[in-house]
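Hi,

Here's the structure I promised to send over. Have a look at it first, and then read on for what turned up.

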Amino acid sequence: MSQSSAAPAIAHNKPPEILSLIGDTPLVEVTQFDTGPCRLFLKLENQNPGGSIKDRIALSMIEAAEAEGKLVPDGTVIEATAGNTGLGLALVAGAKGYRVLLVIPDKMSQEKISHVRALGAEVRITRSDVTRGHPEYYQDVAFRLAEEIPGGFYVNQFGNPANPLAHERTTGPEIWEQMRHDVDAVVVGVGSGGTLTGLGRFFNRVKPRRGIEMVLADPTGSVLYEYVKTGKLVESGSWAVEGIGEDFIPEIADMSLVTEAFEIDDEESFATARELLRKEGIFGGSSTGTLVAGALRYCREQTKPKRVVTLVPDTGNKYLSKMYNNFWMAEQGFIHRPPHGDLSDLISHRYEAGEVITVGPDDSLLTAFKRIRNSDVSQLPVVDKTGRAIGIIDESDLLVTVHREPSHFNDPVSTAMTDQLETLPPDAKITDLLGVFDRGRVAIVMDGNKFLGLITRTDLLSYLRLHMPKSSTPPEREFA
Ligand SMILES: Cc1ncc(COP(=O)(O)O)c(C=O)c1O
């Protein structure tokens, strides 16, 4: 690689040492689950420096582009992704001194965008409501930017041969050595298809004639399971697991390598990932749940002992506000509480279970403000020492009191709260709730003297969304 005459701040020929820690991830055996007659092993790709398996392909695709002269010093690495590939590229290409530009659909979470920005990547937000072929489709935008920007290199993980090659050259051989050359089946998911194609090629080479089964675990709603089973491309549905499942067959995905497939729904994936953390202490992302659930099904179906490997493709850190958050899980209908058949079913945070953030009448307004900010709510119930809800305080109550004289932040909550409460019994009707909302209030649900919790407009909307017929739910998916 040649050095440009104006030396950049970071020398391209000596990247930070962290890049040498990509790969060589540990492999551990699952011991706390029923694996039938089989032994199940997990390759912990969540332990890569960027937190996912995609660090490997980021390194491989960047190095291949450097070797082929497609990426020149001071060049710009461009990719359409807000997922792990973006993080991997931001880490690897950023560390090597390249400019990194990621095209991100506008529905991606702020957390992910903040993460790639923190790594130094630039972000272009584009529309998420358009599909392949539309000029604002995120992959088409990335392709165009790479043509327009001098020194621009479009990585294109879905069509880049250095993606599967990373797994053929590193992930596969590592598993083979760690398993002491004794493997019967490998369970994978398909996002771009890099893992499947790379591992499939490697294992076919070391144990030819389908000696090692390649098992696909695919989210329900993705088209890949059906394609493997019937050869037909069906219309895709929606799924919430991130990073795997597709609505098309990616260019680099060699689906002919798959010997068996399982379809796993979101609920089973999330439950399995959560169980894996509790039982084995392994903190994986949502697709870890899909892969482990698929691997467990495969294992339990076997009649002979087999040695099975699957992956923990990314860390659970990214999913703390979703899959690992009980309120999100309940709101999305993945955790089922026993229904009461009344308004209490709409309460997302139950007082009795310690789930409601409250303030006391003698707490300061500053305390109330901090709790409102930290818990990302717009009002707090004011609850006295006996557990009775005696008021409610929201941002406008705070503003009215402190806007002229900020020292009023030290005043007690009782001086600013609203004590005209809109209380409803659990057997009230949804129309009663609407009346409360029309008056600009939230409903306080009381069973006699017992405070059960609040119901807000968002709670009602979430409840109604959960009860809408499945067929009318538009497909919605994450981006790899
Ligand atoms: C979160 C996540 N990303 C990516 C992948 C790998 O997908 P691919 O190599 O097909 O892009 C997986 C595979 O299981 C995954 O779980």
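How far does a polar side-chain atom of Lys-54 lie from an oxygen atom of the ligand? The distance is 2.5 Å. Keep in mind as you read that this is a predicted model, so every number here is computed from it.

**Around the ligand**

Lys-54 has company. The ligand is surrounded by 16 residues, and the closest are Lys-54, Ser-192, Gly-193, Thr-195 and Ser-287. Ser-192 puts a polar side-chain atom 2.6 Å from a ligand oxygen. With Gly-193 it's the backbone that does the job: one of its polar backbone atoms is 2.6 Å from an oxygen atom of the ligand. On its own the ligand has 390 Å² of accessible area, and the protein covers 98% of that. Two elements give two or more residues to the shell, namely helix H6 (194-206) and helix H9 (286-301). If you sort the shell by residue type, you get 9 polar, 4 nonpolar and 3 charged.

**Strands**

Next, have a look at strand S4 (residues 99-105). Of its 7 residues, 6 are buried, so the rest of the structure largely encloses this strand. Strand S3 (residues 76-80) runs parallel to S4 and is joined to it by 5 bridges; Val-77 has Val-100 in S4 as its bridge partner. S4 also pairs with strand S5 (residues 122-126), again in the parallel sense and over 5 bridges. There, Ile-104 stands opposite Ile-125 in S5.

Further along the chain there's an open sheet of 3 strands, in the order S13-S14-S15, with mixed pairing. Strand S13 (423-424) and strand S15 (450-455) are the edge strands; each has a single partner strand, so one side of each has no neighbour in the sheet. S13 pairs with strand S14 (residues 443-447) in the parallel sense, over 2 bridges. One of the residues involved is Leu-424, whose bridge partner in S14 is Val-445.

**Salt bridges**

How many salt bridges does a search of the whole structure find? It finds 26, and a few are worth pulling up on your screen.

- Lys-450 and Glu-352: their closest N and O atoms are 3.3 Å apart. This pair links distant parts of the chain, with Lys-450 in strand S15 and Glu-352 in the loop between helix H10 (326-331) and helix H11 (365-375), 98 residues apart. Lys-450 is partly exposed at 42% relative accessibility, while Glu-352 counts as exposed at 65%.
- Asp-129 and Arg-127: their side chains meet at 2.9 Å, N to O. Asp-129 has a relative accessible area of 57%, so it is exposed; Arg-127, at 32%, counts as partly exposed.
- Asp-384 and Arg-388: here the closest N and O atoms are 3.5 Å apart. Asp-384 is at 18% relative accessibility, so it counts as buried, whereas Arg-388 is partly exposed at 40%.

There's also a network of salt bridges, which links Lys-43, Glu-45, Arg-56 and Glu-174.

If you only have a minute, start with the ligand, where the protein covers 98% of the accessible area, and then go to S4, with 6 of its 7 residues buried.

Cheers

Conventions: Residues numbered from 1 in each chain as written. Predicted model: local features only at pLDDT ≥ 70, side-chain atom pairs only at ≥ 80, totals over all residues. Heavy atoms only, no water. Near = heavy atom within 4 Å. Polar contact = N/O pair within 3.5 Å; in protein donor to acceptor, adjacent residues only side chain to side chain. Areas by Shrake-Rupley, 256 points an atom, 1.4 Å probe, with all protein chains shown as cover. Helix = DSSP H or I, 4+ residues; strand = E, 2+ residues; numbered from the N terminus. Nonpolar A, V, L, I, M, F, W, Y, C, P; charged D, E, K, R; others polar. Pairing = 2+ DSSP bridges. Buried < 20%, exposed > 50% of the residue type's maximum accessible area, 1.4 Å probe, protein only. Salt bridge = Lys/Arg side-chain N within 4 Å of Asp/Glu carboxyl O.
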